[in-house]
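Let's take a walk through this one together. Keep the view open beside the text and turn it as you read.

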Amino acid sequence: DAANMLINFVQTAFVYEYDDKVWGCDRAFFADETLYYPYSDCEDRSILFSRLVRDLLGLEVVLVYYPGHLATAVKFNEPIPGDYLSVGGTRYLVCDPTYIHAPIGLTMPDMDNSQAKVIML
């Protein structure tokens, strides 16, 4: 429940905007910058969500890179149904902080988990 509350917050608390439009180039924020600036995109939200989950819930998190998109995946301590990636034999549930109103365990349409690249944190 706590992870769903956090993801809902990150999905809905910020205005989505592409970096090129706001900054003129691609720019990834630190978690605190996402809280400060009025706009964010997928990598900003993924970094913020990762930080919140690690700091508040104490769970392991990885970033998930799809061509043109970044999401997160969380290693939960209990079995939770949903879309996941296997990282070194460990199950990480997909949590997309840009897919508005999607609960944990739901991959954004057109994203292929079998082709995703995992970025260890």
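Let's start with Phe14, which is buried, with a relative accessible area of 13%. Keep in mind that this is a predicted model. The ring of Phe14 has a partner: together with Phe9 it makes an edge-to-face aromatic pair, 5.7 Å from centre to centre and with 70° between the planes. Phe9 counts as partly exposed, at 39% relative accessibility.

Phe14 also takes us to Thr34, a residue in helix α3 (residues 31–36). Is Thr34 buried or exposed? At 0% relative accessibility, Thr34 counts as buried. Leaving aside neighbours within four places in sequence, Thr34 is in contact with Phe14, Phe29, Ser40, Asp44 and Leu48.

Two names on that contact list are worth following. Take Phe29 to begin with: ring pairs link it with Trp23, Tyr36 and Tyr37 into a cluster. Within that cluster, Tyr36 and Tyr37 have ring centres 4.9 Å apart and planes at 85°, so this pair is edge-to-face. Tyr36 is exposed, with a relative accessible area of 64%, while Tyr37 counts as partly exposed at 25%. Trp23 has a charged visitor too, as Arg27 lies over its face at 4.8 Å from the ring centre. You can find another such arrangement at Tyr84, where Arg91 lies over the ring face, 4.2 Å from the centre. Altogether, the structure holds six aromatic pairs.

Now follow Leu48, which brings us to the inside. In soluble globular proteins, nonpolar side chains tend to be buried together. Here the largest nonpolar core has 18 residues, and Leu48 is among those with the most contacts inside it, along with Phe49, Val53, Val74, Phe76, Cys95 and Ile104. Which elements give two or more residues to this core? They are α1 (2–12), α4 (42–57) and β6 (90–95). Phe49 is a good place to pause: not counting residues up to four places away in sequence, it touches Ala3, Leu6, Ile7, Val10, Thr72, Val74, Cys95 and Pro97. There is also a second, separate core of ten residues, which includes Val64, Tyr66, Ala71 and Ala116.

Next, look at the strands. Five of them form an open sheet in the order β5-β6-β4-β3-β7, with antiparallel pairing. β5 (84–87) and β7 stand at the edges with a single partner strand each, so one side of each has no neighbour in the sheet. From one strand to the next, the twist averages 35°. Zoom in on strand β3 (residues 60–66) and strand β4 (residues 69–75), which pair in the antiparallel sense over seven bridges. Here Val64 stands opposite Ala71 in β4, and both residues are among those in the second core. Helix α4 lies across β3, β4 and β6, and runs at about 15° to β4.

Last stop: the loop between β6 and β7 (117–120), where you'll find His101. His101 has a positive phi of about 70° although it is not a glycine, and it is exposed, with a relative accessible area of 60%. Asp110 is in the loop between β6 and β7 as well. Its phi is near 70°, again a positive value in a residue other than glycine. At 81% relative accessibility, Asp110 counts as exposed.

Definitions and conventions: Residues are numbered from 1 along each chain as its sequence is written. This is a predicted model: local features need pLDDT of at least 70, side-chain atom pairs count only at pLDDT 80 or more; totals for chains, interfaces and linings use all residues. Side-chain values use heavy atoms; hydrogens and water are left out. A nonpolar core is a set of buried Ala, Val, Leu, Ile, Met, Phe, Trp, Tyr and Cys residues joined through side-chain atoms within 4.5 Å. Buried means under 20% relative accessible area, exposed over 50%, partly exposed in between (1.4 Å probe, protein chains only). Helices (H or I, at least four residues) and strands (E, at least two) are DSSP runs, numbered from the N terminus. Contact means heavy atoms within 4.5 Å. Two strands pair if DSSP finds at least two bridges between them. Axes are lines fitted to C-alpha atoms, for helices over the stretch in contact, and angles run from 0 to 180 degrees between N-to-C directions. Rings of Phe, Tyr and Trp (its six-membered ring) pair if their centres lie within 6.5 Å; planes under 30 degrees apart count as stacked, over 60 as edge-to-face and the rest as tilted. A charge sits over a ring if NZ of Lys or CZ of Arg is within 6 Å of the ring centre and within 35 degrees of the ring normal.
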